[in-house]
Amino acid sequence: LKHIFEWRYNFASTFTHNIFISLYIFVMEYKLPETMKGFAMLGIGKAGWITKKVPECGPLDAIVRPLALAPCSSDIHTVWAGAIGDRHDMILGHEAVGQVVKVGSLVKDFKPGDKVIVPAITPDWGTSAAQEGHPMHSGGMLGGWKFSNFKDGVFAEYFHVNEADANLALIPEGLTPVQAVMLCDMVTTGFHGAELAKGKFGDTVCVIGIGPVGLMSVAGASLMGAGRIFAVGSRKKCCDVALQYGATDIINYKNGSIVDQVMKLTNGKGVDKVIIAGGDCDTFEVAVKIVKPAGIIGSVNYLGDQDYVKIPRVEWGVGMGHKHIHGGLTPGGRVRMEKLASLIKVGKLDPTKLITHRFKGLEHVEDALKSVGGVTKVEVSLEKKNAIIECNDYVDVDTLIEAVNKEGYSCKK
């Protein structure tokens, strides 16, 4: 890590004669290896560990080592459903916080050693799409989603981040890596569902699917001022957490038709807004049936299979019911991460309620990924304690350099 370390010595009380006190500055470069291991998609239906070259760092970019990772159901869709097509030897993962180990020559705001939030969506901010207000589609539809889409992801010893100044955010003081890693995708995507539904004060909202993204949609809708919030799910853990995040009613689809239950509870009126955060292509049929005329449906669900979305003709007002459907990929970038982090810092959001399983060490990524289907959210921690070399007495420079080099750094005078 290219840190500048300063050692100061105060000899005033020890020496009675004048001495010249030297200040030595050491530039410590982290030795990036040539290769790294990562957990990758080998092909549709196949995943495993591979060895790849450590990525190169462009002038605007950064290389980061992960401190905490979170597997996602999107990884499941990508590998085992082949949702975005075949990929070979592509490292998986798009949710990480980490420590910067290298920055490009034009990076201004970050340096090696910084602990950072890495959003799942890392747009190219100079593109026309970004300038038109759609950075998540820079370079083409879904082009801001690079990690584990068309670029190696974060389930590796090191990973590359494009446009570091625009796509990284410092982890604020007081936030842990575990809290921060929930911001990368779960919080921002869930909140985007509420944004797509254009929530207003007092709205009646139905969130379909209360996995981690849906739970954050519940929290987002509540923060945006929703009144009554229906949360559709069946797992007790998820239902309990949904109530903690602001849901007022639980709709258990195992107890009967979602449509029937919602319409009964709203006296046949339906809801103002629907957020789709789970289900499949057929879920849109439910959403259209329960939303009021002129209501809005916001979808952030990753549709992993089926070819067509089902929209019921009559309940859609034979095409003229002003029932709007907005499906979108969450925005990315630094500013969004900083703003979402502020909600945690001031105590308005606690994303750790999402976490049910924790693993220690990169080698457990595969185990964590296999756990995703039956739990709320999984977190893998990789953080190590910083190596600290204490010098209680004066040591000569060569001795200090030798001690630092033993810790795996390259120390230069």
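1. Glu338 is partly exposed, its relative accessibility being 36%. The model in which this residue is examined is a predicted one. The partner of Glu338 is Arg334: their side chains form a salt bridge with an N to O distance of 3.0 Å. Arg334 is likewise assigned to the partly exposed class, at a relative accessible area of 21%. That value lies just on the partly exposed side of the boundary, because buried means under 20% relative accessible area.

2. Both members of this pair, Arg334 and Glu338, belong to helix α10, which covers residues 334-345. They are separated by four residues, about one turn of the helix. The pair does not stand alone, since a network of salt bridges links Asp109, Arg334 and Glu338.

3. Helix α9 (residues 283-290) contains a further pair, Lys289 and Glu285, again four residues apart and so about one turn of the helix. The closest N and O atoms of this salt bridge are 3.2 Å apart. Lys289 is partly exposed, with a relative accessible area of 29%, and Glu285 is partly exposed as well, at 23%.

4. Which parts of the chain does the salt bridge between Asp124 and Lys146 tie together? The closest N and O atoms of Asp124 and Lys146 are 3.3 Å apart. Asp124 is located in the loop between β8 (115-118) and α2 (128-131), while Lys146 is located in the loop between α2 and β9 (159-161), so the salt bridge ties together parts that are 22 residues apart in sequence.

5. The two ends of that loop-to-loop pair fall into separate accessibility classes. Asp124 is partly exposed, with a relative accessible area of 25%. Lys146, by contrast, is buried at 7%, because buried means under 20% relative accessible area.

6. The pairs described above should be read against the full inventory: a search of the whole structure returns 13 salt bridges. As a general matter, side chains of opposite charge can pair when their charged atoms come close.

7. Regarding the overall architecture, the protein has 12 helices and 19 strands. Among contacts between residues at least 6 apart in sequence, 69% join residues at least 24 apart.

8. Of the 413 residues in the protein, 52% are buried. The exposed surface amounts to about 19600 Å². Carbon and sulfur atoms supply 52% of that area.

Technical notes
Residues numbered from 1 in each chain as written. Predicted model: local features only at pLDDT ≥ 70, side-chain atom pairs only at ≥ 80, totals over all residues. Heavy atoms only, no water. Helix = DSSP H or I, 4+ residues; strand = E, 2+ residues; numbered from the N terminus. Buried < 20%, exposed > 50% of the residue type's maximum accessible area, 1.4 Å probe, protein only. Contact = heavy atoms within 4.5 Å. Areas by Shrake-Rupley, 256 points an atom, 1.4 Å probe, with all protein chains shown as cover. Salt bridge = Lys/Arg side-chain N within 4 Å of Asp/Glu carboxyl O.
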